[in-house]
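Here is a report on a protein model, written for someone new to reading structures. Keep the 3D view open and look up each residue as we get to it.

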Amino acid sequence: MLEAYRLKLEQAKKMLPENRKFFARIKKLAPNDLDEVVKELHERVFAEIDCLQCAACCKGLGPRVTDRDIQQLSATVRLKPSNFTQKYLKVDEDGDYVFVSMPCPFLQADNYCNVYQNRPKACAGYPHTDRRRFIQLLDITLKNLLVCPAVCDIVEGLKKRYK
């Protein structure tokens, strides 16, 4: 199954110009039912995808870690927030806290998350395909297409729906 996910991501990379055009068209169309369609696709795709087989997001994306995330994570790993920040985080070019290195320091060898119940909000919401006002998330979805096989399937479903 992991090979199938890898192939989807390779295909998404090849189709990036086509998908950019498609998203530009969706922005112009602004379909009234977009949120409903994306929600349906999200539910269908995630019923079939096994994120533990992939974990590409945890291996390569550095989520934004908020102050609230720091409070929760530091309590989970039993460190003072200042010690947690010093050990695990750095400030990125946007002024946000992100993990010092990737893969995520809490990703285990079996792709389970050591802090899953208290993971950062950005991780809990990834890949953001179940949020309202999806039209506002098209740019980030285009980036997530190159990381998440589920997003690949969701975008393909959108392309079929809005030919």
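## A salt bridge along helix 1

Let's begin with Glu3 and Arg6, which sit 3 residues apart in helix 1 (residues 2-14), so about one helical turn separates them. Keep in mind that this is a predicted model. The side chains of Glu3 and Arg6 form a salt bridge, with 2.3 Å from N to O. What is the idea behind such a pair? Side chains of opposite charge can pair when their charged atoms come close.

How buried or exposed are the two partners? Glu3 has a relative accessibility of 42%, so Glu3 is partly exposed. Arg6 is partly exposed as well, at 38%. There's also a third member to look for: Glu10 joins Glu3 and Arg6 in a network of salt bridges.

## Two more pairs

Now move along to Lys8. Which residue does Lys8 pair with in a salt bridge? The partner is Asp153, and the closest N and O atoms of the two are 2.6 Å apart. Lys8 belongs to helix 1 while Asp153 belongs to helix 10 (residues 149-161), so this salt bridge ties together parts that lie 145 residues apart in sequence. Lys8 is partly exposed at 28% relative accessibility, and Asp153 is partly exposed at 25%.

Helix 3 has a pair of its own. Arg44 and Glu40 meet through their side chains in a salt bridge of 3.1 Å, N to O. They are 4 residues apart in helix 3, which means that about one helical turn lies between them. Arg44 comes out as partly exposed at 44%, and so does Glu40 at 47%. If you want to hunt for others, the count for this model comes to 10 salt bridges.

## His42, tucked into helix 3

Stay in helix 3, which covers residues 34-48, and find His42. Is His42 buried or exposed? With a relative accessible area of 14%, His42 is buried, because the cut-off for that label is anything under 20%.

What does His42 touch, leaving out residues up to four places away in sequence? The contacts are Thr129, Asp130 and Ile154. Here's another one to find on screen: Arg131 is 89 residues from His42 in sequence, and their C-alpha atoms are 9.8 Å apart in space.

## The two sides of helix 7

Next up is helix 7, running over residues 81-88, where Phe84, Thr85 and Tyr88 are buried. Why do these three count as being on the same side of the helix? They cover an arc of only 100° around the axis, and that puts them on the same side of helix 7. Turn to the other side of helix 7, and you'll find Gln86 and Lys87, which are exposed.

So what do the buried residues of helix 7 pack against? Their neighbours are helix 6 (67-76), strand 1 (89-91) and strand 2 (97-99).

## Cysteines without a bond

A disulfide is a covalent bond between the sulfur atoms of two cysteines. How many does a search of the whole structure find? The search turns up 0 disulfides. Take Cys104, which is in no disulfide: the nearest cysteine sulfur belongs to Cys113 and is 5.9 Å away. For a disulfide, the two sulfur atoms would have to be within 2.5 Å.

Cys123 is in a similar spot. The closest cysteine sulfur to that of Cys123 is in Cys104, and at 6.1 Å the gap is too far for a bond. Cys104 is buried at 15% relative accessibility, whereas Cys123 is partly exposed at 29%.

## A last stop at Ile140

Finally, look for Ile140 in helix 9, which spans residues 138-144. Ile140 has a relative accessible area of 35%, so it is partly exposed. How far apart in space are Ile140 and Thr66, C-alpha to C-alpha? They are 19 Å apart, with their positions 74 residues apart in sequence.

Methods. Residues are numbered from 1 along each chain as its sequence is written. This is a predicted model: local features need pLDDT of at least 70, side-chain atom pairs count only at pLDDT 80 or more; totals for chains, interfaces and linings use all residues. Side-chain values use heavy atoms; hydrogens and water are left out. Buried means under 20% relative accessible area, exposed over 50%, partly exposed in between (1.4 Å probe, protein chains only). The arc is that of the directions from the helix axis to the C-beta atoms. Contact means heavy atoms within 4.5 Å. A salt bridge is a side-chain nitrogen of Lys or Arg within 4 Å of a carboxyl oxygen of Asp or Glu.
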